[in-house]
Amino acid sequence: MIKIFSLIRPIKPIKPIKPIKPIILISFIGMMALSGCRREPPLYLYGNTIIEWPIVELRLDVYWNYELNLGINYNWREEWFYGWDDRDREIFGELEYDIPNKFFMRRYFTGDIPFGKRIYKREDYVTGRSFRSSYDWGFWDILVWNDIETIDGVQSLHFDEPADINKEIVAYTNQTMNTVRYHSPKYQNSFWQPEQLFSAIEQGIEINRDLTGFEYNEKENIWVKMLDMMLEPITYIYLPQVILHKNNGRITSVPGIANLSGMARSTSLNTGIAGKDAIAVNFGVRMKNDKEFKNGEIVDIIGGRLMTFGICGLNANRVSRADEYVDEERHYLDVQMQFYNGMDSTLVFDVTDQVRQRYKGGVITVELDLDTVPIPKRKGGSGFNAVVKDFEDGGTWEIDFGDNNDNSE
């Protein structure tokens, strides 16, 4: 659990004469459930405001707990056969969420009206786990999101922060140079995947002169007010993998290009609700040979890690029942593959059911029996249309696995 302690010194002395310092205790409670949490040594409280974050651990084992909402027995580690080695970490980064330690903060003053029109804002940047500032008497809204750090220093995320402080801040990414291979009704190219993004908001926070709503801490001689804020991921991790049965060297490698379609292009930092524009998200993949699958079968696997804004129009952290949302988009996974004869083709898989069940991320698995796949006779690549009927001419082959959740033949 992340806790923020914020100390506010009154403008005027408060009776009794003995110094009294009000502080705000803001608690970021991550829905991903936290473990290994330890308290930092107490800080010496001085100045106007002090905020402190304890160390937390984010675990997919708990965050992807679909039993509560969907009633399904889901253990992603039992489904994830691709694995994650040092080479994957070097290319794609860590498999799970990293702990953010740099934050942007927006504090909006609404005067004497809670949840009212914002009068002005204060912009703050927090490095590390402590922050000091001050507040005027009245009501405040506080919005926090993490700064972005990447392996290569290049950031895909962009932020639209309107001049009107009463409007939402929107995060989005731009298009890549890769043409969309399938199911992209609005945009010609795929989009960059976003980096991990967390946000939290609390509104109607009252800072009053008579300290109503505060509790006195006699030991520290301070007044404390507790606020609950949900610091949650608003980008979601998917782990796609293609299991190649009976490959026997037919598919030799992958160019490293794949897409997942039907995902949201943007999200709101204020509400966590994903935008309504459906796009295909581009991500990298690798091929691994001789991996152990179910029942000891040795297979080749193409896999990767994908970050998205999630399903259009949905705040995945707010879903409490399986029938609570409607996903109107179809979701297709397309992967470019290189065959032993030097020809390449893009294979497309319908993974709609899996994405809908794993609405805040998870493993996406498709299984391909290479005995059923004709070998292309000439190169496909990006020069072919999205759907080519004759697979022997290369291009794209649509594989429909129907509604079978494990997508096996």
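## Exercises on strands, salt bridges and a pocket

In β24, Gln 338 stands opposite Ser 253. The model is predicted, and the exercises below start from this strand.

**Exercise 1. Find the strands that pair with β24, and give the sense and number of bridges for each.**

Step 1. Start with Ser 253. Ser 253 faces Gln 338 of β24. Strand β17 covers residues 251–253 and pairs with β24 through 2 bridges, in the antiparallel sense.

Step 2. Move on to β18, residues 257–264. This strand runs antiparallel to β24, with 3 bridges between them. One pair to locate is Ala 258 and its bridge partner in β24, Val 335.

Step 3. Turn to β25, residues 344–350. β25 and β24 are antiparallel and share 7 bridges. Tyr 332 has Asp 350 of β25 opposite.

Step 4. Inspect the turn. The hairpin of β24 and β25 has 4 residues between the strands. Gly 342 in this hairpin takes a positive phi near 90°.

Result: β17, β18 and β25 each pair with β24 in the antiparallel sense.

**Exercise 2. Is strand β24 mostly covered or mostly open?**

Step 1. Take the strand limits, residues 332–339.

Step 2. Apply the cut-off: a residue is buried under 20% relative accessible area. In β24, 7 of the 8 residues are buried.

Result: β24 is mostly covered.

Step 3. Look at the loop that leads into the strand. Asp 327 lies in the loop between β23 (306–308) and β24. Its relative accessible area is 9%, so Asp 327 counts as buried.

Step 4. Follow the side chain of Asp 327. This side chain reaches the backbone nitrogen of Glu 329 at 3.1 Å.

**Exercise 3. Give the strand order of the open sheet that contains β5, and name its edge strands.**

Step 1. Write the order. The 5 strands run β5-β4-β7-β12-β15, and the pairing is antiparallel.

Step 2. Pick the edges. β5 (120–127) and β15 (232–233) each pair on one side only, and they are the edge strands.

Step 3. Check one pairing. β4, residues 102–109, is joined to β5 by 8 bridges in the antiparallel sense. Arg 106 has Glu 123 in β5 as its bridge partner.

**Exercise 4. Which parts of the chain does the salt bridge between Lys 288 and Asp 88 tie together?**

Step 1. Confirm the contact. The salt-bridge cut-off is 4 Å from nitrogen to carboxyl oxygen. In the pair of Lys 288 and Asp 88, the closest N and O atoms are 2.7 Å apart.

Step 2. Place both ends. Lys 288 sits in strand β21 (residues 286–292), whereas Asp 88 sits in helix α4 (residues 86–92). The pair therefore ties together parts that are 200 residues apart in sequence.

Step 3. Read the accessibility. Lys 288 is buried at 8%. Asp 88 is buried at 0%.

Step 4. Set the pair in context. The model has 24 salt bridges.

**Exercise 5. Trace the salt bridges that Asp 371 makes with Lys 246 and Arg 250.**

Step 1. Take Lys 246. The salt bridge between Lys 246 and Asp 371 has an N to O distance of 3.8 Å. Lys 246 lies in the loop between β16 (236–245) and β17, and Asp 371 in the loop between β26 (362–369) and β27 (395–399), so the pair ties together parts 125 residues apart in sequence.

Step 2. Take Arg 250. For Asp 371 and Arg 250 the distance is 2.8 Å, N to O. Arg 250 is in the loop between β16 and β17, 121 residues from Asp 371.

Step 3. Compare exposure. Lys 246 is partly exposed at 45%. Asp 371 is partly exposed, also at 45%. Arg 250 is partly exposed at 22%.

Step 4. Add the network. Asp 85, Asp 88, Arg 286 and Lys 288 are joined into one network by salt bridges that share partners.

**Exercise 6. Describe the largest pocket and its lining.**

Step 1. State the volume: about 990 Å³.

Step 2. Find the centre. There are 36 lining residues, and the closest to the centre are Phe 92, Thr 150, Ile 151, Gln 193 and Glu 195.

Step 3. Name contributing elements. α4, β18 and β20 (278–284) each supply at least two lining residues.

Step 4. Sort the lining by type. It divides into 13 nonpolar, 14 polar and 9 charged residues.

Notes: Residues are numbered from 1 along each chain as its sequence is written. This is a predicted model: local features need pLDDT of at least 70, side-chain atom pairs count only at pLDDT 80 or more; totals for chains, interfaces and linings use all residues. Side-chain values use heavy atoms; hydrogens and water are left out. Buried means under 20% relative accessible area, exposed over 50%, partly exposed in between (1.4 Å probe, protein chains only). Two strands pair if DSSP finds at least two bridges between them. A salt bridge is a side-chain nitrogen of Lys or Arg within 4 Å of a carboxyl oxygen of Asp or Glu. On a 1 Å grid over the protein atoms alone, a cavity is a set of points where a 1.4 Å probe fits but cannot get out, and a pocket is an open set with protein on both sides within 12 Å along at least five of seven lines; lining residues have an atom within 4 Å of a point. Grid points are joined across faces, edges and corners, and a volume is the space filled by probe spheres set on the points. Ala, Val, Leu, Ile, Met, Phe, Trp, Tyr, Cys and Pro count as nonpolar, Asp, Glu, Lys and Arg as charged, and the others, Gly among them, as polar. A polar contact is a pair of N or O atoms within 3.5 Å; within protein, one must be able to donate a hydrogen and the other to accept it, and residues adjacent in sequence count only if both atoms are side-chain atoms.
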